[in-house]
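Me: I have a structure to look at, and I would like to understand the terms people use for it. Could you go through them with me?

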Amino acid sequence: MKTERPSLFSRILSLLAGIAILLTLWGGWLYLRYSQVPRGELQLHFLDVGEADCALVKSGEHYMLIDAGDAQDGRRIVTYLRRHGVRRLDVFVATHPHADHIGGAAYVLDHVAADRVYLSPWVNNTDVYYDMMDKLDECGIEYLVPRTGESFALGRAAVTFVGNGDNEDSANNASLVLRVDFGDDSALFTGDIEWGAEQDLVDDGAHLEADLLKVPHHGSESSSSQVFLDCVTPEIAVISVGADNPYGHPSPGTLSRLDCWVCRTDQLGNIVYDSDGSGLTFVDEDALYPHVYIANTRTGVYHRLDCDALPKWRSARVYFHKKQVEEAGFRACGRCYP
């Protein structure tokens, strides 16, 4: 049976469609590469890792990662770091050895080198804890338990451990507590401390006042006591929490005590704040990486423009808003996490 060749007109239309897609991709790449998005020297990134914790502090070209989510979050975290230009961490802080804070640490450290690691004094007899420790030994990474009051520079920002988790009665209360100061702006990272450790910090006269508070323990009722919040007096509270989690986080009581602007990862996804030293500004993450999504009509998967698994142009469809591509029935890529 003789197969008819496509007409010249059909081939021209196909060629023009391919050129249009290539031009769109090229234009999107140029926008990503050269768009002038306002960026302060300090950026605070709170990654959406569900009912877990992970934050990235960027100061100029220096980077600190605080916690690394659950085991299944490792790849997502590495993808996020690479998307934001992080090839090496100056510092990794594991606030305490629970799986929802260190689960992804071994994977992250296997793919992104770290110059220095700070650990809580609390030791956990769990596989995930030993996986992290084995990876540190394998990579030859120095790890330390910080002293209360110990500080270091991260670019032009100052990082200080206001609590080192010593002499506490649980893994949560043994969380490292650290503050980041840049110009007139400050942020307090609290791990999973609960009322007992909060009271110890208050009694010790720790420097707790901060513009932004990473709310302790996913907003649980056992944390964020009124006396603690009265010392912090945050303008912004960020809660890392999973949607419809079985723990009821964040608790209504905690939310009622937070007399400030509250941002939640279960509602907003990744949360980014930007500072030039004279005020924190919320940054739409899609402004950092604008709306250019490439959908694969063969697989039903959509990708970011910088994904290494983009489809061939014959199977590609371009979208400029996540809502549009998802309403069209495409699902998110498991490699680039658009």
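Me: What makes the eight strands one open sheet, and in which order do they come?

Reply: Strands here are DSSP runs of E with at least two residues, helices are runs of H or I with at least four, and both are numbered from the N terminus. Two strands pair if DSSP finds at least two bridges between them. The order in this predicted model is E6-E5-E4-E3-E2-E1-E14-E15, with mixed pairing. E6 and E15 (280-283) each have a single partner strand, so one side of each is left without a neighbour in the sheet.

Me: How do you know that E14 pairs with E15?

Reply: Four bridges join E14 and E15 in the antiparallel sense, and a pair needs at least two. Ser275, for instance, has Leu280 in E15 as its bridge partner. The two strands form a hairpin with four residues between them, and Gly277 in the turn has a positive phi of about 95°.

Me: Why is E14 (residues 271-275) called mostly covered?

Reply: Buried means under 20% relative accessible area, exposed means over 50%, and partly exposed lies in between, with a 1.4 Å probe and protein chains only. In E14, five of its five residues are buried. Ile271, Tyr273 and Ser275 are on one side, with Val272 and Asp274 on the other.

Me: How do you know that the length of H5 (residues 127-139) agrees with what a helix should span?

Reply: The expected span is 1.5 Å times one less than the number of residues. For the 13 residues of H5 that gives 18 Å, and the end C-alpha atoms are 18 Å apart, so the two agree.

Me: What makes the buried residues of H5 line one face?

Reply: They are Val128, Tyr129, Met132, Met133, Lys135 and Leu136. Seen down the axis, they fall within an arc of 155°, so they line one face; the arc is that of the directions from the helix axis to the C-beta atoms. On the other side, Asp127, Asp137 and Glu138 are exposed.

Me: Why do Cys333 and Cys336 not form a disulfide?

Reply: A disulfide is a pair of cysteine sulfur atoms within 2.5 Å. The sulfur of Cys333 is 3.8 Å from that of Cys336, its closest, so this is too far for a bond. The count by this rule is zero disulfides.

Me: Which rules lie behind these values?

Reply: Local features need pLDDT of at least 70 and side-chain atom pairs 80 or more, while totals for chains, interfaces and linings use all residues. Residues are numbered from 1 along each chain as its sequence is written, and side-chain values use heavy atoms, leaving out hydrogens and water.
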